[in-house]
Protein chains: 2
Amino acid sequence: MSGPGALPFDPIAEARRQWEGHGWEDAADGMALVTSVIRVQQLYLARIDAALRPFGLSFARYELLTLLSFTRTGALPLSKAGRRLQVHPASVTNVVDRLEADGLVRRVPHPTDGRTTLVELLPAGRDLLAGATAALNAQVFTQPGVAAPDARRLVELLRHIRASAGDFDIDAIPLP
Amino acid sequence: MSGPGALPFDPIAEARRQWEGHGWEDAADGMALVTSVIRVQQLYLARIDAALRPFGLSFARYELLTLLSFTRTGALPLSKAGRRLQVHPASVTNVVDRLEADGLVRRVPHPTDGRTTLVELLPAGRDLLAGATAALNAQVFTQPGVAAPDARRLVELLRHIRASAGDFDIDAIPLP
DNA sequence: CCATACTAGTTGGATGTCAAAGTATCTGCA
DNA sequence: TGCAGATACTTTGACATCCAACTAGTATGG
């Protein structure tokens, strides 16, 4: 995250001035947006990691456990988990390896499809998850750094970016 | 990035429904915002990496080269580079190692401060940077997935989040 | 002058990302 | 019925992140 202390100026505003100074005006808005998103992601991830550290979980592991807890059976094929979490199959393998090593999930062969392995939430994982979610909700998700109307406005704008990248059909499930 | 093809629904809208269904309404807006930022960062980074791949550069390396090119001397102390780029000192060491190995920068002892090492942009780095910036501007920064007014709106909202995290004094350099 | 506190940068390790390539299994069609 | 193409998951390697601990050098105050 940030080096020691705050900078005396906004580094993204400064970069934007440089972009314009070099004649790249057309790209300045986009550059500022992209680097802002990257920086805010970094800030959020640092806060998430801090909130989860007492539980021995990273955010990637937490997300997988949460996804499993929301299913009816507490299990999913790895491929489906990867699509829902929008991560690469190799990342799913990596995270499942680590959760399995910690006794929070287990791998189960699919009853009828030899290609498929299910990842199944174990009681230890479910138990850990309750406290972890409470901590995340209290420390991060109820304090996102902007007021609720602005948070919703941001989500809506970011949603257009996600849809334009092909994440989902934008007309599929409209926001209320 | 995304697994194969788009999902038939918005995974973040779905996660938000789960959050509300579990009684975590107060945290739902924040959860949606945080996961949206994380996802959009991932999308942007994938596009950036694709644009930079022909130049053999990652975004972290590109950013450091760009920062150096904006200085008067083409050189900076590693500590200062880390503060400007808002990354951990160990990350700066790592990226400088790799750029040095590729002959794009070199480490130079500080003339008067024995603790300090300067990282200096070499001609090969400067040459590579011109094409890399053109590619990034053309492929990513002029096509951020939203129109310019929305991009500016997003930057302003994200700027408040960055300020509230202590990145810089929000009154220091106001946007026009 | 010296002890202490601070700064600068490195090293080792953990983490998770994705690309590329691989093996194993399933499906659909000729 | 056989096979091409697809799917599922793993392995390997590259990449960059940060934490914790370390060494070396500088600044400051008594």
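A salt bridge is taken here as a side-chain nitrogen of Lys or Arg within 4 Å of a carboxyl oxygen of Asp or Glu. The structure is a predicted model, in which local features need pLDDT of at least 70 and side-chain atom pairs count only at pLDDT 80 or more, while totals for chains, interfaces and linings use all residues. Residues are numbered from 1 along each chain as its sequence is written, chains are lettered from A and ligands numbered from 1 in the order in which they are written, and side-chain values use heavy atoms, with hydrogens and water left out.

Chain A was divided into domain 1 (8–55) and domain 2 (57–138), the bounds coming from an automatic or database domain assignment. Between these two domains the count of salt bridges is 0. On the side of domain 1 of chain A that touches domain 2 of chain A there are 5 nonpolar, no polar and 2 charged residues (Ala, Val, Leu, Ile, Met, Phe, Trp, Tyr, Cys and Pro count as nonpolar, Asp, Glu, Lys and Arg as charged, and the others, Gly among them, as polar). The C-alpha centres of domain 1 and domain 2 of chain A lie 31 Å apart. In this chain, 7 residues of domain 1 are in contact (heavy atoms within 4.5 Å) with 9 residues of domain 2. The buried area, defined as the accessible area (1.4 Å probe) that two parts lose on being put together, summed over both, is about 690 Å² between the two domains of chain A, with carbon and sulfur atoms giving 77%. A:Ile48, A:Leu52 and A:Phe55 supply 78% of the area that domain 1 of chain A buries against domain 2 of chain A, more than any other three residues.

Chain A is superposed on chain B by a rotation of 180° with 0.0 Å of shift along its axis (RMSD 0.0 Å), the fit being by least squares on the C-alpha atoms of residues with pLDDT of at least 70 in both. That is the relation of a two-fold axis. Of the interface residues of chain A, 99% are also interface residues in chain B, so the copies meet through the same surface. The contact takes 74 residues from chain A and 73 residues from chain B. About 7100 Å² is buried between chain A and chain B, 72% of it from carbon and sulfur atoms. In chain A, the residues that lose the most area to chain B are A:Phe70, A:Phe141 and A:Arg162, together 9% of what that side buries. Between chain A and chain B the count is 7 salt bridges. B:Arg152 forms a salt bridge with A:Asp29, with the closest N and O atoms 2.5 Å apart.

DNA strand D is surrounded by 25 residues (each with a heavy atom within 4 Å of the strand), and the closest are A:Ser79, A:Thr93, A:Arg107, A:Thr117 and B:Ser58. Of the atoms of DNA strand D within 4 Å of the protein, 78% belong to sugar or phosphate and the rest to bases. An N or O atom in the side chain of B:Arg98 is 2.8 Å from a phosphate oxygen of DNA strand D.

DNA strand C is surrounded by 26 residues, the closest being A:Ser58, A:Arg98, B:Ser79, B:Thr93 and B:Thr117. For DNA strand C, sugar or phosphate accounts for 81% of the atoms within 4 Å of the protein, and bases for the rest. A backbone N or O atom of B:Thr117 lies 2.5 Å from a phosphate oxygen of this strand.

How values were computed:
A polar contact is a pair of N or O atoms within 3.5 Å; within protein, one must be able to donate a hydrogen and the other to accept it, and residues adjacent in sequence count only if both atoms are side-chain atoms.
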